[in-house]
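This briefing introduces a structure to a reader who has not met it before. Please look over the sequence and the model shown below before reading on.

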Amino acid sequence: MELYQQVILACFLTTLFGFIAGFFFHLLLVRRQRRESERDRQKGVKQGLLMEVQSHQDLAKQPWDGRMVPLSTDAWKEYKDEASKFPGELPDALRRHYVEVDEVNAIVSKDLQLGHGKGYLDESYKKQCATIAESAGRVIGLF
């Protein structure tokens, strides 16, 4: 093989090797960025849900003033699917908590239908708020 042919072959092989190495390096970087992005997203999801559960606990612990207040479920609606990926008992505790929140919100809705302030569902609401405060405390402890 002539010298110029060897030089051309060496250049081709070097270029090919560089391309393959660069491709695999790129894949490694993309995978790393995805993991970091997913970790940051999970952190944001946890923070959003924690803030909402803390607000539930605060509202549920307020002294009874004669009016019913619905509890927010915006963070749960947005992050419900991602919350199932949390480790340990947290996903189940969150699901149970939001079932109880839905029950409180159903009581508030029913009270509005029956005539707000008539007192028909006051005891049910107060009892369910006590349950909410307890379950919120449990969930906060798991975070």
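**Briefing on the predicted model**

The model is predicted, with a mean pLDDT of 90 for the protein, and 99% of its residues reach 70 or more. Among the elements of the protein, helix H4 (residues 122-142) has the highest mean pLDDT, at 93, while helix H1 (residues 3-61) has the lowest, at 91. The points below cover the nonpolar core, the largest pocket, the cysteines and one residue of helix H4.

**Nonpolar core**

- The largest nonpolar core consists of 26 residues.
- Leu-49, Phe-86, Leu-94, Tyr-98 and Tyr-125 are the residues with the most contacts inside this core.
- At least two residues of the core come from each of H1, helix H2 (74-83), helix H3 (90-114) and H4.
- H3 makes the greatest contribution to this core, supplying eight residues.
- In soluble globular proteins, nonpolar side chains tend to be buried together.
- Tyr-98, one of the core residues with the most contacts, touches Leu-49, Glu-52, Val-53, His-56, Ser-72, Thr-73 and Trp-76, when residues up to four places away in sequence are not counted.

**Largest pocket**

- The largest pocket holds about 170 Å³ of space.
- Its lining is formed by Leu-59, Ala-60, Gln-62, Pro-63, Trp-64, Asp-65, Arg-67, Val-69, Tyr-125, Lys-126 and Cys-129.
- H1 and H4 are the elements that give two or more residues to this lining.
- H4 provides the largest share of the lining, namely three residues.
- Tyr-125 appears both in the lining of the largest pocket and among the residues with the most contacts inside the largest nonpolar core.

**Cysteines**

- No disulfides are found in a search of the whole structure.
- Cys-11 has a relative accessible area of 46% and is therefore partly exposed, since that class lies between the 20% limit for buried and the 50% limit for exposed.
- Cys-129 counts as buried because its relative accessibility of 9% is under 20%.
- Cys-129 is also among the residues that line the largest pocket.

**Thr-131 in helix H4**

- Thr-131 is located in helix H4.
- With a relative accessible area of 31%, Thr-131 falls between the 20% and 50% limits and so counts as partly exposed.
- Thr-131 and Val-69 are separated by 62 residues in sequence and by 15 Å in space, C-alpha to C-alpha.
- Val-69 is one of the residues that line the largest pocket.

Key:
Residues numbered from 1 in each chain as written. Predicted model: local features only at pLDDT ≥ 70, side-chain atom pairs only at ≥ 80, totals over all residues. Heavy atoms only, no water. Disulfide = S-S within 2.5 Å. Buried < 20%, exposed > 50% of the residue type's maximum accessible area, 1.4 Å probe, protein only. pLDDT = per-residue confidence, 0-100. Helix = DSSP H or I, 4+ residues; strand = E, 2+ residues; numbered from the N terminus. Core = buried A, V, L, I, M, F, W, Y, C linked by side-chain atoms within 4.5 Å. Contact = heavy atoms within 4.5 Å. 1 Å grid on protein atoms, 1.4 Å probe; cavity = no way out; pocket = protein on both sides within 12 Å on 5 of 7 lines; lining within 4 Å. Points joined across faces, edges and corners; volume = space filled by probe spheres on them.
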